[in-house]
Amino acid sequence: MSVSSSIGSVHVRAPGKINVYLGVGGRHDDGYHALATVFQAVSLYEDVIARPASDFSISVSGPDDPDTVPLDDRNLAMRAAKLLAAAADYDGGVALEIRKQVPVAGGMGGGSADAAAALVACDALWGTGFSQARLHELAARLGADVPFALHGGTAVGTGRGDQLNPALARGRFDWILVTSDEGLSTPVVYERLDALRAEEGAFADDPPLSLDVPVPVLQALRSGDAEELAGTLFNDLQAAAVDVRPDLDEAIQLGVRSGALQGIVSGSGPTVALLCADPESAQHVQAQLRESGVESLHVHGPVPGARIIS
Ligand code: C5P
């Protein structure tokens, strides 16, 4: 099928995420670990503009070195566009322009946001008309975090992190993000966790292959009380990320000394997310960090998932 479209271009915006809670269980035979996580989409966005083309191409711009982002089939947005084309039996192509704000390999799902945005943009550009459920199914085939970037808001992820259920979250949470110049590889951090667990004999039995998010985390989100949520922040990957990059622990300590309620490594890192009491407190933390020579970003969540801007 070749759907001719009169649309000149489609601009889609998708958010980065923080894992407010990330419990990691055992490894399945496919290499993926069992997860119980709570994602929160935050106001740091990837913009993807899709333009008609006979072939598939990608260009990338943004504050991080764009040369570190592959422009071929290793790029998740490219894979997303091709997967949608195959599923829709569409024989044209697309030129994708990605404007990045989410740190590259930062543990905030930037590549997953690109893929989710590319799915939504190509669906609109090509007039594919896939349902949200169908897009979700394609998203899950691209990566564990991609369905959440489509979904946005606050959600519980189980399975590989791709089985989503919305979580009730009241109000707004303010986060200060300390990013790193150098990214961390997600598989490397998971492998380090396995190695640490093997060394420490952390589990007498095999790690569980099914986990739940503890009720206090969900209660804190429902209450909208940042202080309550700060007490429940947890990330099983943090010890592994800190083992690879000990400076991340220092960034968390500095954040707390600067007035943050609590800090956590975001996903597999290296971005550190500092939860603050309110917007004013976040501004204060950011100013204190700057005095210590540390630049940071002020974001808030939850925000919506991938959506068409124009
Ligand atoms: O799905 P995604 O491509 O984002 O995952 C990147 C890598 O992270 C996987 O190849 C795997 O090594 C690790 N991972 C995992 N268990 C998960 C999610 C990701 O081991 N649930």
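Trainee: Which element gives the largest share of the shell around the ligand?

Mentor: That is α5, with three residues. Keep in mind that this is a predicted model.

Trainee: Which residues surround the ligand?

Mentor: Going along the chain, they are Gly31, Tyr32, His33, Leu35, Gly143, Ala144, Asp145, Arg160, Gly161, Thr186, Pro187 and Tyr190. Two elements give two or more residues to this shell: β2, residues 33–53, and α5, residues 186–200.

Trainee: How do these shell residues divide into nonpolar, polar and charged?

Mentor: Five are nonpolar, five are polar and two are charged. Glycine is placed with the polar residues and tyrosine with the nonpolar ones, so the sorting follows a fixed list.

Trainee: Where does UniProt place the feature "active site"?

Mentor: The UniProt record, an unreviewed entry, puts that feature at Lys17 and Asp145.

Trainee: What makes you say that they cluster in space?

Mentor: They are spread over 129 residues of sequence, yet the largest C-alpha distance is 9.1 Å. The contact lists agree: Lys17 touches Asp145, and Asp145 touches Lys17.

Trainee: Why is Lys17 called buried?

Mentor: A residue is buried if 20 or more other C-beta atoms lie within 10 Å of its own. Lys17 has 35 of them, so Lys17 is buried. You will find Lys17 in strand β1, residues 10–27. Leaving out residues up to four places away in sequence, Lys17 also touches others, including Phe39, Gln40, Ala41 and Val42.

Trainee: And what makes Asp145 count as buried?

Mentor: The same cut-off of 20 applies, and Asp145 has 29 C-beta neighbours inside 10 Å, so Asp145 is buried. Asp145 sits in the loop between α3 (132–142) and α4 (146–151). Beyond four places in sequence, the contacts of Asp145 include Gly109, Ser112 and Gly161.

Trainee: Gly161 has turned up before. Where does Gly161 sit, and what is its phi?

Mentor: Gly161 is in the hairpin of β5 and β6, which has three residues between the strands, and takes a positive phi near 105°.

Trainee: How do you know that β5 and β6 pair?

Mentor: Two strands pair if DSSP finds at least two bridges between them. Here, four bridges join β5 (residues 154–159) to β6 (residues 163–166), so they pair, and they run antiparallel. One example is Thr158, whose bridge partner in β6 is Gln163.

Trainee: Why is Arg99 called partly exposed?

Mentor: The partly exposed class lies between the exposed limit of 12 or fewer and the buried limit of 20 or more. Arg99 has 16 C-beta neighbours inside 10 Å, so Arg99 falls in between. Arg99 lies in strand β4, residues 93–99.

Trainee: Is Asp89 buried or exposed, and how do you know?

Mentor: Asp89 has 10 C-beta neighbours inside 10 Å, so Asp89 counts as exposed. Asp89 is in the loop between α1 (76–88) and β4.

Trainee: What makes the phi of Asp89 worth a remark?

Mentor: Most residues other than glycine have a negative phi. Asp89 has a positive phi of about 55° although it is not a glycine. Ala105 is another case, with phi near 50°, and is found in the loop between β4 and α2 (110–126).

Trainee: How do you know whether Ala105 is buried or exposed?

Mentor: Ala105 has 20 other C-beta atoms within 10 Å, so Ala105 is buried. The rule says 20 or more.

Trainee: Which peptide bonds here are listed as cis?

Mentor: One joins Gly269 and Pro270, with omega about 10°. Another joins Gly301 and Pro302, with omega about 0°. Most peptide bonds are trans. Pro270 lies in the loop between β9 (262–265) and β10 (272–276), and Pro302 in the loop between β11 (297–301) and β12 (307–308).

Trainee: How many helices and strands does the protein chain have?

Mentor: The protein chain has 10 helices and 12 strands.

Trainee: Why is the protein chain called as compact as a globular protein of that length?

Mentor: The globule rule gives 19 Å for 310 residues, and the radius of gyration is 19 Å, so the chain fits that description. Of the 310 residues, 50% count as buried.

Terms used:
Residues are numbered from 1 along each chain as its sequence is written. This is a predicted model: local features need pLDDT of at least 70, side-chain atom pairs count only at pLDDT 80 or more; totals for chains, interfaces and linings use all residues. A residue is near a molecule or strand if its C-beta atom, placed from the backbone, lies within 6 Å of it. UniProt positions are given in the numbering used here, feature names are shortened, and annotations may be inferred rather than shown by experiment. Two residues are in contact if their C-beta atoms, placed from the backbone, lie within 7 Å. The radius of gyration is taken over C-alpha atoms; the globule rule is 2.2 Å times the number of residues to the power 0.38.
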